[in-house]
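Here is a short briefing on salt bridges, burial and core packing. Look over the structure, then read the points below.

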Amino acid sequence: GYGSYMYTEMEILDALPENVLALDHLGVLLAIRWPERADGYDTGLRTNVNLFRHVFAFLSESTDILKTNVPDNGYIVKWGPKPIVKQAIRDGRFMERLIEVRQ
């Protein structure tokens, strides 16, 4: 039944390294074909965290929104009796070992 499928899926997920799961959740394959007049709009883009700020800056023809960029960090949640938040991306780079974030 459906329940046994979910149980099997969780066993498989639990066997994967955390950084692989983080890459699956937070990693993005993205291709944007910027028009020629868009030079420089993506030079500071390193993760998907600020992606839409760059797209909106181009569409609005104003870079004011880029002043509100947030750090290129990413987090995942390990669910359980007590959920645990772990940092998976620091400064735009995936971490080999995830770090628990104190709440």
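Glu18 has a relative accessible area of 25% and is partly exposed (20% to 50%; buried means under 20%, exposed over 50%, with a 1.4 Å probe and protein chains only). The model is predicted: local features need pLDDT of at least 70, side-chain atom pairs count only at pLDDT 80 or more, and totals for chains, interfaces and linings use all residues. Residues are numbered from 1 along each chain as its sequence is written, and side-chain values use heavy atoms, with hydrogens and water left out.

**Salt bridges**

- The structure holds four salt bridges (a side-chain nitrogen of Lys or Arg within 4 Å of a carboxyl oxygen of Asp or Glu).
- Side chains of opposite charge can pair when their charged atoms come close.
- Glu18 pairs with Lys78 in one salt bridge, at 3.3 Å from N to O.
- This pair links distant parts of the chain: Glu18 lies in helix α2 (residues 18–26) and Lys78 in strand β1 (residues 74–78), 60 residues apart.
- Helices (H or I, at least four residues) and strands (E, at least two) are DSSP runs, numbered from the N terminus.
- Glu18 also forms a salt bridge with Lys86, at 2.8 Å from N to O.
- That pair again links distant parts of the chain, with Glu18 in helix α2 and Lys86 in strand β2 (residues 84–90), 68 residues apart.
- Glu18, Lys78 and Lys86 are thus linked in a network of salt bridges.
- Lys78 is partly exposed, at 39% relative accessible area, whereas Lys86 is buried, at 14%.
- Arg102 and Glu100 meet in another salt bridge, at 3.9 Å from N to O.
- Arg102 counts as exposed, at 73% relative accessibility, while Glu100 counts as partly exposed, at 41%.

**Helix α2 and the core**

- The buried residues of α2 are Leu21, Ala22 and Leu26.
- They sit on the same side of α2, because they cover an arc of only 110 degrees around the axis (taken from the directions from the helix axis to the C-beta atoms).
- The largest nonpolar core has six residues: Ala22, Leu26, Ile76, Ala88, Ile89 and Leu98.
- α2 and β2 each supply at least two residues of this core.
- A nonpolar core is a set of buried Ala, Val, Leu, Ile, Met, Phe, Trp, Tyr and Cys residues joined through side-chain atoms within 4.5 Å.
- Leaving aside neighbours within four places in sequence, Leu98 is in contact (heavy atoms within 4.5 Å) with Glu18, Asn19, Ala22, Ile76, Lys86, Gln87 and Ala88.

**The loop between α3 and β1**

- Thr68 is placed in the loop between α3 (51–60) and β1.
- Thr68 counts as partly exposed, at 43% relative accessibility.
- The C-alpha atoms of Thr68 and Asn50 are separated by 9.0 Å, and these residues are 18 apart along the chain.
- Asp72 also has its place in the loop between α3 and β1.
- Asp72 counts as buried, at 11% relative accessibility.
- Apart from neighbours within four places in sequence, Asp72 is in contact with Arg46, Thr47, Val49, Asn50, Ile89, Arg90, Asp91 and Gly92.
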